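Biologist: Could you take a close look at the largest pocket of this predicted model, and then walk me through the parts of the chain around it that deserve attention? I would like one connected account, with the confidence of the prediction stated at the outset.

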Amino acid sequence: MAAQGPATPSALYKMISIPEAQEIVLSETQPLPSVSVGFVDAVGSVLAENVQAPENVPPFPASIKDGYAVVTADGPGEYIVAFAAHAGRQQPRLQSGSVAYITTGAPVPEGADAVVQIENTEQLSERQDGEKRVRIVKAASQAGEDIRAVGSDIKVGQTVLQAGDMLGPAEIGILATVGAATLKVHRTPVVAVLSTGDEVVEPTTQHLHPGQIRDANRAMLVAACKVAGAQVVDLGIARDTEGHVEACLEKAINQQVDVLVTTGGVSMGERDFIKPLLERHGKVHFGKVKMKPGKPLTFATIELDSSSKRRMLVFGLPGNPVSSIVTFNLVVVPALHKMAGWQHPMPRRVHVRTSQDLKLDPERPEYHRATVHWRRPPKVSDSHIGGEFAAESTGGQISSRLLSMRSANTLLEFPAAKGTIPKGSMVSALLIQDLAGMPISEHLTPTASPAHYEFERKFEGFSQD
């Protein structure tokens, strides 16, 4: 019998499912404490407290259009233009029998109760004394027409954003509107990324020696962490010695990072040191997952501060590039999202229709890389509004073939079973990218007029009942 290397407890770990692994990870993950930031720097963050409006918006009755402020009871006719009401200025009182030229957003002068848009007026020639006059062709139908009332957009004391809300461009605009210059958001997780292996060299290496490969995993995972909203600490490459791997682990501990992501060194080889070191420094929660690709996926926690009970989450990802990024999306990303304050950190699931026959694995559930796009169902006219997601496999699914992740925006969820999923089957899929960048398979028609839908209902025999 060959001599054994350092004891690796991989074979002793119970094999669990991905849903079980995700549940364990999220149960061990807590939202990070809040920090105060300026609203301009808050985009992409999650609010840690409610934001309320300190005043009404608008704080004054404001004109919705360019036109003339009027007294509704005056009706149509010719009027003196008493003054011009511009945005950002205090206005005099408007007397009945006259009108005031007004611009969009300007305060409606006291005495006026409606605005007539400029298209419903006719400008008349000035008198010799310079007095301007205008004819109101179509009068306001009621008081308040084309006026934004005080507080019609936002009322004083109204909660405009809630704790847990993701801050995108529109939310930043709302913060600016209510003057929330500084606010509390959940802190961004800090993730250290470490590659392992004597065969791994820097991507900048021009000439590879026999047995060497460039480090694709670390570059890919650093990018994936940034896309997930994390700050990244690059720990480089750990060589295949227990001492060097442990030194890199201790470096992550000393830097007090929130998460350590390693790639490689978690399988059954004599130089796979990650699991034994994690057992020594902390607690390994699982070390084997029933999935394809990514079976050796490992998760552990290490205590950083006993007084605050702060812990570092450690994810030992497999060394094969596809296994590494697939497990990252399924398990690490939900943890990062929960740390950042997301209320629903799990990947979003959609239903898609397969575009080809796809072979199943009889032993393990598979997460098949695919590209999803929107299309019309077969045998439907070009004018039809509606469609479905269709999934195109990215080709060969071997875990070393990183090209299978190129353009992939979903992972198709396949059960462990014999046979194939026939072309045209509806299957579940987990989104791993924003679908705003999905391929355009065809140019879909925009929303039609109501008459089009009435015709379509009659043509297709739909009932209103």
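**The largest pocket and its surroundings**

Modeller: The model is a predicted one, with a mean pLDDT of 91 for the protein, and 91% of its residues reach 70 or more. Residues 1-8 have a pLDDT below 50, and in the model this stretch has nine contacts beyond near neighbours in sequence.

The largest pocket holds about 870 Å³ of space. It is lined by 33 residues, of which Val227, Ala228, Asn329, Val333 and Ile432 are the closest to its centre. By class, the lining comprises 21 nonpolar, eight polar and four charged residues. Two helices, α3 (216-227) and α6 (321-339), each contribute at least two residues to the lining, and α6 gives the most, with six residues.

From α6 one can step back along the chain to Pro318, which is located in the loop between β20 and α6. Pro318 has a relative accessible area of 4%, and because buried means under 20%, it counts as buried. Leaving out residues up to four places away in sequence, Pro318 touches Asn217, Thr263, Gly264, Val266, Gly294, Pro296, Leu297, Ser323, Ser324 and Thr327. The C-alpha atom of Pro318 is separated by 7.3 Å from that of Gly265, although the two residues are 53 residues apart along the chain.

Another residue to consider here is Thr262, which belongs to strand β17 (residues 259-263). Its relative accessibility is 2%, so Thr262 is classed as buried. With neighbours within four places in sequence set aside, Thr262 is in contact with Leu194, Ile274, Phe315, Gly316 and Leu317.

Helix α6 also appears in the packing of helix α1 (residues 18-27), whose buried residues are Ile18, Ala21, Gln22, Val25 and Leu26. Viewed down the axis of α1, these buried residues fall within an arc of 125°, and therefore they line one face of the helix. Pro19 and Glu23, on the other side of α1, are exposed. The buried residues of α1 pack against α6 and against four strands, β18 (283-286), β19 (298-305), β20 (310-317) and β23 (366-375).

Some points of backbone geometry remain, and they are best read against the usual pattern. Most residues other than glycine have a negative phi, and most peptide bonds are trans. In this model a cis peptide bond joins Lys292 and Pro293, with omega about 0°, and Pro293 lies in the loop between β18 and β19. A cis peptide bond also joins Val57 and Pro58, where omega is about -5°, and Pro58 is placed in the loop between β2 (51-52) and β3 (62-63).

As for phi, Gln256 is not a glycine, yet its phi is positive, at about 60°. Gln256 sits in the loop between α4 (242-254) and β17, and with a relative accessible area of 33% it is partly exposed. Asp146, likewise not a glycine, has a positive phi of about 60°; its place is in the loop between β9 (133-136) and β10 (147-148), and its relative accessible area of 16% makes Asp146 buried.

Note on methods: Residues are numbered from 1 along each chain as its sequence is written. This is a predicted model: local features need pLDDT of at least 70, side-chain atom pairs count only at pLDDT 80 or more; totals for chains, interfaces and linings use all residues. Side-chain values use heavy atoms; hydrogens and water are left out. On a 1 Å grid over the protein atoms alone, a cavity is a set of points where a 1.4 Å probe fits but cannot get out, and a pocket is an open set with protein on both sides within 12 Å along at least five of seven lines; lining residues have an atom within 4 Å of a point. Grid points are joined across faces, edges and corners, and a volume is the space filled by probe spheres set on the points. Ala, Val, Leu, Ile, Met, Phe, Trp, Tyr, Cys and Pro count as nonpolar, Asp, Glu, Lys and Arg as charged, and the others, Gly among them, as polar. Buried means under 20% relative accessible area, exposed over 50%, partly exposed in between (1.4 Å probe, protein chains only). Contact means heavy atoms within 4.5 Å. The arc is that of the directions from the helix axis to the C-beta atoms. pLDDT is the predictor's confidence in each residue, from 0 to 100.
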